Amino acid sequence: MDDSDLIKQAETALDSAYVPYSEYRVGAAIETDDGTVFTGCNIETANYSNSLHAEEIAVGTAVAAGHQSFSRLAVVSSARDGVTPCGMCRQTLAEFCNEELRILCAVEDGIEAYTLGALLPAAISRDTLENA
């Protein structure tokens, strides 16, 4: 599976997004080290703070299925505006992924790629807590 295939899986997840307030759909697809892909979409609630992000749903579903090692994440919004994971989602990714995790973001004319380390330098980790 190439990067555009993973983006397509994230795009498919957009259809399930529940966004009655912002109307800003987000889909995510995370690939495990063994090639299994899990998807997620954003789910809004009226108070916003209880809303769920597409990335955290994809990671949570994968972890619930027994996976904890990931190689790539694709994130897409209905606007194809290059949305990247928010800080909270970046920290969740850092719990399971090293700084080399590839994060693919759909833009109007293609794909922008980042690493988790570039998006979240000096993440809080298990070592951070153990050394505190």
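The following conversation goes through a predicted model, beginning with its annotated sites and then turning to its core and strands.

Colleague: Which residues of the UniProt annotation "binding site" that covers Asn42 to Tyr48 does the lining of the largest pocket include?

Modeller: The UniProt record, an unreviewed entry, gives the annotation "binding site" to Asn42, Ile43, Glu44, Thr45, Ala46, Asn47 and Tyr48. When these residues are compared with the lining of the largest pocket, the ones included there are Asn42, Ile43, Glu44 and Tyr48.

Colleague: Is Glu44 buried or exposed?

Modeller: Glu44 lies in the loop between S2 and H2, and, not counting residues up to four places away in sequence, Glu44 touches Tyr18, Val19, Pro20, Tyr21, Ser22, Glu23 and Ser51. A residue counts as buried when its relative accessible area is under 20%. The relative accessibility of Glu44 is 7%, and therefore Glu44 counts as buried.

Colleague: Why does Ile43 count as partly exposed?

Modeller: Ile43 lies in the loop between strand S2 (37–41) and helix H2 (54–64), and, leaving aside its neighbours within four places in sequence, Ile43 is in contact with Tyr18, Ser51, Leu52 and Ile57. The label of partly exposed belongs to values between the buried limit of 20% and the exposed limit of 50%. Ile43 counts as partly exposed because its relative accessibility is 31%.

Colleague: Where is Cys89 found, and is Cys89 buried or exposed?

Modeller: UniProt, again in an unreviewed entry, places the feature "binding site" at Cys86 and Cys89, and the lining of the largest pocket includes Cys86 and Cys89. Cys86 is found in the loop between S3 and H3 and is partly exposed, with a relative accessible area of 29%. Cys89 touches His53, Glu55 and Glu56, if residues up to four places away in sequence are not counted. Cys89 is found in helix H3 and, with a relative accessible area of 2%, Cys89 is buried.

Colleague: Which element gives the largest share of the largest nonpolar core?

Modeller: The largest nonpolar core has 21 residues, and those with the most contacts inside it are Ile30, Phe70, Leu73, Leu93, Leu101, Ile103 and Leu116. Two or more residues each come from strand S1 (26–32), H2, strand S3 (70–77), helix H3 (87–96), strand S4 (102–107) and helix H4 (116–119). With four residues, the largest share of this core comes from H2.

Colleague: With which residues is Leu101 in contact, leaving aside its neighbours within four places in sequence?

Modeller: Leu101 is one of the residues with the most contacts inside the largest nonpolar core. Leaving aside neighbours within four places in sequence, the residues in contact with Leu101 are Phe70, Ser71, Arg72, Leu73, Leu93, Tyr114, Thr115 and Leu116.

Colleague: How many bridges join S1 to S3?

Modeller: S3 is mostly covered, since seven of its eight residues are buried. One pairing between the two strands can be named, in which the bridge partner of Glu31 in S3 is Arg72. S1 and S3 run antiparallel, and the number of bridges that join them is seven.

Colleague: Which residue in S4 stands opposite Leu73, and what is the handedness of the crossover from S3 through H3 to S4?

Modeller: S3 and S4 pair in the parallel sense over four bridges, and the residue in S4 that stands opposite Leu73 is Ile103. The chain crosses from S3 through H3 to S4, and the handedness of this β-α-β crossover is right-handed.

Conventions
Residues are numbered from 1 along each chain as its sequence is written. This is a predicted model: local features need pLDDT of at least 70, side-chain atom pairs count only at pLDDT 80 or more; totals for chains, interfaces and linings use all residues. Side-chain values use heavy atoms; hydrogens and water are left out. UniProt positions are given in the numbering used here, feature names are shortened, and annotations may be inferred rather than shown by experiment. On a 1 Å grid over the protein atoms alone, a cavity is a set of points where a 1.4 Å probe fits but cannot get out, and a pocket is an open set with protein on both sides within 12 Å along at least five of seven lines; lining residues have an atom within 4 Å of a point. Buried means under 20% relative accessible area, exposed over 50%, partly exposed in between (1.4 Å probe, protein chains only). Contact means heavy atoms within 4.5 Å. A nonpolar core is a set of buried Ala, Val, Leu, Ile, Met, Phe, Trp, Tyr and Cys residues joined through side-chain atoms within 4.5 Å. Two strands pair if DSSP finds at least two bridges between them. A crossover is right-handed if, with the strands pointing away from the viewer, the path from the first strand over the helix to the second runs clockwise.
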